[in-house]
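Here are a few exercises to work through with the model open in your viewer. Try each task before you read its solution.

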Amino acid sequence: VILHQGRGTHRLQMFTSVLAVAGYTLPAAVPPQVGMPLRGASPLMKDYPTPKGIFKTDNYLEGQALSEKIAAYAWQGEKKTVAVIGGGLSGLACAKYLADAGHTPVVLEARDVLGGKVSAWTDEDGDTIETGLHIFFGAYPNMMRLFTELGIHDRLQWKVHKMIFAMQQLPGEFTTFDFLPGIPAPFNFGLAILLNQKMLTLGEKVQTAPPLLPMLVEGQDFIDAQDELSVLDFMRKYGMPERINEEVFISMAKALDFIDPDKLSMTVVLTAMNRFLNEDDGLQMAFIDGGQSERLCEPLKRYIEARGGEVRLNAPLKEIMTAEDGTVSGLQMRDGSVVTADEYVSALPVDVFKRMLPAKWSTMPFFRQTDELEGIPVINLHMWFDRKLQGVDHLCFSRSPLLSVYADMSTTCKEYADDERSMLELVFAPCSKLAGGDTNWIGKSDEEIIDATMGELARLFPTEIANDERWPATSKQTPQGQARLRKFAVVKVPRSVYAAIPGRNKYRPSQETPIPRFTLAGDWTSQKFLGSMEGAVLAGKLAAEVVADRAAGQPTKGLKVVQPDVAAKEYAPKEPPGVKGEGAIAFGGGAVLSDSGMQWVRENDAAQFDGDEAMRPAPAEAAAVV
Ligand SMILES: Cc1cc2nc3c(=O)[nH]c(=O)nc-3n(C[C@H](O)[C@H](O)[C@H](O)COP(=O)(O)OP(=O)(O)OC[C@H]3O[C@@H](n4cnc5c(N)ncnc54)[C@H](O)[C@@H]3O)c2cc1C
């Protein structure tokens, strides 16, 4: 990661000239962070100041304007009670903005913990277990605005503005994209790539840029038009070198959607690039300083309740009850009670929502678009070692076949800080054939998953991981390696974010629905960010806007057009199967599964165990989770 001389210097000069023509100048000296040693550095974490640029972007100002529009309703229109089903980020954000608009939200969360896919809990040793390793980006405008409105920006631990990639062919070595301060987007990214000598040749870099330019110039129309193509299809269509896939797109695709590039829609990659590359600090990353249920969801709950709303835990919905005319007559809860409200918002995961779809709505193409959407499996690992591995105070893109991103949380995150022993949190993907893998890992035992991961870690930390007879994959490690795994937790999420495979984006429905007084939220509904925390917050906010507009007698943005292929079909009414089971996985979350938990998944989500892709049930049936 030392800034390379020679050809790199020459490229720097060329780039400086381009910037000068564009009216920008490089800072006089290369800042110290660019040349700082990456590995073997002090294990102590270093947080960077909140990048100020994130509060000035168009997307941030748009998010701020939407917050202000919603809050201005507090003094207008009728005050409504609103039942919000689901206490993930989307449901909580929706309730927060409904409270801002002067309404009275009641969040109904099935589990005993808030957060859904960002939820965290403690195990019997008091260690925090997270559903997923979550990274916040500068280009998360509605999330950043939410942190401002809650007054909790100090919870975010910003890291140095760079991306760190493991070198595939050089075990134990890493390379970086370094973003120089003072260089505006998208030049800072261009320069970061140009200066990197290890991943792509100059020729490959030059060939990569032209096909991606329309994404910046034409924007969303071009991006949406690529949805039928996988990342690989797109690359081949536009003559991009195949090595770009191995060097960049595999890690990007797995980080964005837990899917390999031959299965991932190009719209996802272009959407991310468009959002991240258009903003100076868009790709700067932050960790939250502990488990999100406590650090983000609790402040949201307090905010909602301080304004007259309510957040109920252990309140699973059993059925959406409908009147003769198809409108919602109430919510049948599992405990036998019925919740009624003026307005209803579903912030359920898509797989759960499909199983709750009332018979009267099951013939409506608007809702049947959800047949095309299903959650993708992913596994989040916590691995505690008996000593400190060489620390990187950042997220790392592993670029390994089985892993997506990982971080040494003992070095990056205050809650887990430990100068003596490492705790790695790793995202294990792809986990199914749909996601591009050859194994359905959800169906494997924890030990099989950990052994496979130890094999990957032996490559990432070749001189440190010990040869440990418990883990056959470490059998080639030399005596030099001393680090032994002392504890692990395997959190399986069989149905995480919707699978963004080609052709699915268009089926994401609007928050407004054809049913009066019923609105949708959730990261899978239509919004300009992906299935992500930002997408979840924005979808919740847009759902609150629909309700608030309606209550004030103002026009809403309207329904998104139903896709013609779905609109043309005749659907027979279908009784909702409902959701079986009580564990986190039943509600679209993640859990460390006991034998009986595995048995539930086997009985209720058989696709996770199929050895044969042809055996997979159709998406609607595949959503049967415990
Ligand atoms: C391993 C992993 C890593 C990730 N990493 C990132 C990342 O780095 N950056 C990023 O931006 N995003 C990341 N994500 C995605 C992000 O977590 C999700 O996009 C987001 O949290 C979804 O929020 P949501 O509110 O839409 O859905 P959910 O979080 O699924 O919330 C739905 C809620 O509904 C509740 N519910 C379900 N059924 C019922 C019922 N019957 N009655 C009442 N309540 C019910 C659930 O319990 C849950 O609380 C990651 C996800 C995973 C799994």
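**Exercise 1. Find which residues come nearest to the ligand in this predicted model, then find which oxygen contacts involve L89, I135 and D523.**

Solution. Start with the shell: 39 residues surround the ligand, and those that come nearest are E109, K117, H134, Y140 and D523. Next, sort the shell by residue type, which gives 22 nonpolar, 13 polar and four charged residues.

Now turn to the ligand's oxygen atoms. The side chain of D523 has an N or O atom 2.6 Å from a ligand oxygen. The backbone also takes part: an N or O atom of the I135 backbone is 2.9 Å from an oxygen of the ligand, and for a backbone N or O atom of L89 the distance to a ligand oxygen is 3.2 Å.

Then look at the cover. The ligand taken alone exposes 1000 Å², and the protein buries 96% of that. Finally, ask which elements give two or more residues to the shell: they are α3 (89-100), α12 (350-356) and α16 (533-551).

**Exercise 2. Decide whether F428 is buried or exposed, and list its contacts beyond its sequence neighbours.**

Solution. First place the residue: F428 belongs to strand β18 (residues 423-428). Its relative accessible area is 0%, and buried means under 20%, so F428 is buried. Leaving aside neighbours within four places in sequence, F428 contacts V378, I379, L381, L402, L403, W441, I449 and T453. As a last step, check the record: an unreviewed UniProt entry annotates F428 as "binding site".

**Exercise 3. Locate the cis peptide bonds that lead into P186 and P430.**

Solution. Begin with the bond from A185 to P186, which is cis with omega near 0 degrees. P186 sits in the loop between β8 (174-178) and α5 (187-195). Move on to A429 and P430, also joined by a cis peptide bond, with omega about 0 degrees. This time the proline, P430, is in the loop between β18 and α15 (446-460).

**Exercise 4. F258 and N314 have positive phi values: which is buried and which is exposed?**

Solution. Take F258 to begin with. Although not a glycine, F258 has a positive phi of about 60 degrees, and it lies in the loop between α9 (242-257) and α10 (266-277). Its relative accessible area is 16%, so F258 is buried.

Now take N314, another non-glycine residue, with phi near 50 degrees. N314 lies in the loop between β10 (310-312) and β11 (317-322). Its relative accessibility is 53%, and exposed means over 50%, so N314 counts as exposed.

Terms used: Residues are numbered from 1 along each chain as its sequence is written. This is a predicted model: local features need pLDDT of at least 70, side-chain atom pairs count only at pLDDT 80 or more; totals for chains, interfaces and linings use all residues. Side-chain values use heavy atoms; hydrogens and water are left out. UniProt positions are given in the numbering used here, feature names are shortened, and annotations may be inferred rather than shown by experiment. Helices (H or I, at least four residues) and strands (E, at least two) are DSSP runs, numbered from the N terminus. Buried means under 20% relative accessible area, exposed over 50%, partly exposed in between (1.4 Å probe, protein chains only). Contact means heavy atoms within 4.5 Å. A residue is near a molecule or strand if one of its heavy atoms lies within 4 Å of it. A polar contact is a pair of N or O atoms within 3.5 Å; within protein, one must be able to donate a hydrogen and the other to accept it, and residues adjacent in sequence count only if both atoms are side-chain atoms. Accessible areas come from the Shrake-Rupley method with a 1.4 Å probe; for residues, only the protein chains shown count as cover. Ala, Val, Leu, Ile, Met, Phe, Trp, Tyr, Cys and Pro count as nonpolar, Asp, Glu, Lys and Arg as charged, and the others, Gly among them, as polar.
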